[in-house]
Structure formats: C-alpha cells, structure tokens
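Got the viewer open? Here is a short tour, one selection at a time.

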Amino acid sequence: SNGSELGPSFLLAVLPGQGAAQCWLSMALCSAYVLALAGNGAVLLAVRLEPGLHTPMYLFLCMLAAIDLGLATATVPRTLSFYWLGSREMGFGACLLQMFLIHALSAAESAVLLAMALDRYVAVCHPLRHAAVLTNGAAAKIGLLALARGVLFFLPLPLLLLPLPFCGSRVLSHSFCLHQDVMNLACANTTPSVVYGLTAILLVMGLDAVLICLSYVLILRAVLRLAAWRERLKVFSTCIAHICVVLAFYVPLIGLSVVHRFGKDLAPLVHIVMGNVYILVPAVLNPIIYGVRTKQIQRRILSLIHVTG
C-alpha cells in the first residue's frame with residue numbers, strides 16, 4: 001500500500017506462521033479488555049454513587065480509571081480487528097493519532113500517580129493540613145493540569161515524524177503505534193525526534209518517578225518516628241494500594257523501554273506481549289487493587305451487582 005496523502009501506511013506486528021498463538025493472544029487481549037472495561041467502569045460508578053468516597057484520593061482514582069479506559073480503547077479494539085478481521089494495515093494519520101494518545105495519556109497517568117503520592121504524604125506527614133490543602137476543587141485542577149501537561153509535552157512527537165520519509169520496511173514491532181517504533185522505520189535523520197522524545201520522557205515520567213520515590217522516603221521517615229509498631233503498620237497500610245498501582249504502571253513501562261533498547265534480536269512475541277502488558281496491566285490491576293483495599297467500593301459494587309441481578 002502507498003498509504004495516504006499524509007504518509008505511508010504501517011503494518012501491525014504479526015506472529016508469522018503461528019495461527020494458534022495469535023488465536024490465544026487475541027482471546028487473552030479480549031478478556032483483559034473486558035475486565036478493564038468492567039473494573040474501571042465499576043470504580044467510576046461506585047465512587048459516583050457513594051458519598052463517602054467524594055474525596056480527593058478517590059477523585060484521583062476516578063481519573064486513573066478514565067485514563068486507563070482511554071488507553072485501552074485507543075489500542076485494543078484496533079488490535080482485535082487485526083486478529084479477527086485481518087485488517088493489519090494502519091494509515092499514517094491514524095498511527096500518529098494513536099501514538100499521541102498513548103503517550104499523552106500515559107503522561108497524564110504518571111502525573112495523577114504523583115498527585116496521589118503527594119496526597120498520601122500530606123495525609124501522613126501533615127494530617128491537620130490535609131483537608132485544607134487537598135480539596136476536591138484542587139484535585140480537579142490537578143487532573144486538568146495533568147492532562148494539559150501530557151498534551152503539551154507529547155504533541156510535538158507526531159509533528160516531528162510528519163515530514164520524515166519512510167522508504168524501507170513499514171512493519172511495526174507492536175500491535176499499535178509507539179513513537180520509538182515508528183521513528184526507527186524512518187529513512188532520514190531522526191536526531192531531533194530522538195532528543196525531544198528522550199527529553200519529554202525524562203521530564204515527565206522520569207521526574208514524576210523521582211518525586212514519588214521522594215514522597216515515600218519522607219512518608220517512611222515519618223512512620224518510623226512513631227513509637228508503636230502497630231501504629232506504624234496502620235499508617236503505612238494506607239499507602240499500600242497506591243504503591244501497588246505505581247508498580248503496576250512503572251514496571252511495564254521500564255520493561256517496554258528495556259525491550260526497545262536491548263531487545264532487537266528477541267522474538268516478535270516478546271515485543272507484542274510487552275506492548276500489550278504496558279497498556280493493559282494497569283487497566284486490569286488498578287480496580288482490583290483498590291477494590292480489595294476499599295470496603296466502601298466493595299460494598300457499592302456488590303450492591304450494584306445485587307440490584308442488576
């Protein structure tokens with residue numbers, strides 16, 4: 001295919017000669033997507049209907065749920081159409097749009113995770129100021145700033161790729177479009193795109209990760225000042241769910257970066273699976289983690305299931 005007026009079309013990654021593997025992979029993707037839709041939808045509905053959850057921490061959780069739904073919906077339906085309908089080709093404009101959505105929403109999720117870490121820091125280290133500093137209005141403004149930062153930092157990525165020629169292979173490493181993957185297929189100087197992409201990642205996800213770690217160092221120091229072990233465990237247990245959510249986001253992100261940097265000789269299955277893990281693991285695990293840790297969410301979801309049943 002010669003592509004569109006914007007540029008060439010790309011071919012999504014495929015497992016050559018492995019029909020059974022593709023069938024199982026598509027079933028796993030569909031199941032994970034359904035779980036992500038159900039879990040995050042249930043969290044949004046539970047927080048909406050439970051007045052006791054109308055606090056900044058759970059507003060941030062709703063933001064995470066909405067972002068995870070956006071990431072999954074921007075990638076999985078297109079991937080499933082490839083597996084089920086054989087529609088492997090993806091237009092240049094659609095690829096750049098998908099790439100922008102993935103990176104911008106990932107940046108927004110990283111910012112929300114940082115906001116949740118700061119919420120835990122204020123709650124543990126300055127509990128008397130917590131209600132005054134982190135109001136629902138402040139949480140809403142933080143959410144808007146998180147989304148705006150993601151858009152501003154990652155909008156230049158597709159714009160830098162737009163004028164580049166693609167004269168060689170147009171086969172992607174994943175079942176969706178990522179900046180580094182598309183950039184590596186260009187047959188021109190990609191230094192500006194490489195420099196900007198790396199700078200954006202370090203200033204957004206990298207800085208957020210450092211600040212999250214710093215907040216937990218301060219939280220740990222405050223917890224260790226408590227006299228009784230029971231009090232320490234009780235206070236620190238309020239952070240366990242958030243720590244698990246942070247790991248569910250950053251571990252797949254780091255794993256995908258390592259595969260891109262050092263895994264050129266790995267089997268296609270590794271690239272495809274790691275890409276889907278990066279998109280779907282947070283979307284599937286986040287509602288489970290907070291559903292297990294929060295009794296109000298459990299009760300509200302169970303009541304909804306009972307009513308609909």
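Start by selecting Leu155, in the loop between helix H5 (136-154) and helix H6 (156-161). This is a predicted model, so keep that in mind at each stop. Leu155 counts as partly exposed because its relative accessibility is 39%. Now add Leu147, Val151, Leu159 and Leu162 to the selection: together with Leu155 they make a nonpolar surface patch of about 390 Å².

Stay on helix H5 and pick Ala148. With a relative accessible area of 33%, Ala148 is partly exposed. Want a distance to draw? Try the C-alpha atoms of Ala148 and Gly86: the two residues are 62 apart along the chain, and the atoms are separated by 36 Å.

Next, color residues 39-290. The UniProt annotation for this span, from an unreviewed entry, reads "domain: G-protein coupled receptors family 1 profile". The span is 80% helix and 1% strand, and its end C-alpha atoms lie 10 Å apart.

On to the cysteines. How many disulfides does the structure hold? There are two. Select Cys95 and Cys177 and you'll find their sulfur atoms 1.9 Å apart, forming a disulfide. The torsion about this S-S bond is about -120 degrees, so the disulfide is left-handed. It links distant parts of the chain, with Cys95 in helix H3 (residues 92-125) and Cys177 in the loop between H6 and H7, 82 residues apart. Both Cys95 and Cys177 are buried.

The other pair to click is Cys167 and Cys187, whose sulfur atoms sit 2.0 Å apart in a disulfide. Here Cys167 is in the loop between H6 and H7, while Cys187 is in the loop between H7 and helix H8 (191-224), 20 residues apart. Cys167 counts as exposed at 61% relative accessibility, whereas Cys187 is partly exposed at 34%. Number the bonded cysteines in sequence order and the pairing comes out as 1-3, 2-4.

Now for two cysteines without a partner. Why is Cys23 not bonded to Cys30? The Cys30 sulfur is the closest cysteine sulfur to that of Cys23, but at 11 Å it is too far for a bond. Cys23 counts as partly exposed, at 42% relative accessibility. Cys239 is in no disulfide either; the nearest cysteine sulfur, in Cys125, is 8.8 Å away. Cys239 is buried, with a relative accessible area of 0%.

Last stop: His174, in the loop between H6 and helix H7 (179-183). His174 counts as buried, at 0% relative accessibility. Show its surroundings and you'll see contacts with residues including Leu12, Ala13, Asp181, His260 and His271.

Key:
Residues are numbered from 1 along each chain as its sequence is written. This is a predicted model: local features need pLDDT of at least 70, side-chain atom pairs count only at pLDDT 80 or more; totals for chains, interfaces and linings use all residues. Side-chain values use heavy atoms; hydrogens and water are left out. Patches are made of residues with over 30% relative accessible area and no salt bridge: like charges are joined within 9 Å, nonpolar side chains (Val, Leu, Ile, Met, Phe, Trp, Tyr) within 5 Å. Accessible areas come from the Shrake-Rupley method with a 1.4 Å probe; for residues, only the protein chains shown count as cover. A salt bridge is a side-chain nitrogen of Lys or Arg within 4 Å of a carboxyl oxygen of Asp or Glu. Helices (H or I, at least four residues) and strands (E, at least two) are DSSP runs, numbered from the N terminus. Buried means under 20% relative accessible area, exposed over 50%, partly exposed in between (1.4 Å probe, protein chains only). UniProt positions are given in the numbering used here, feature names are shortened, and annotations may be inferred rather than shown by experiment. Contact means heavy atoms within 4.5 Å. A disulfide is a pair of cysteine sulfur atoms within 2.5 Å. Lists of a residue's contacts leave out its neighbours within four places in sequence.
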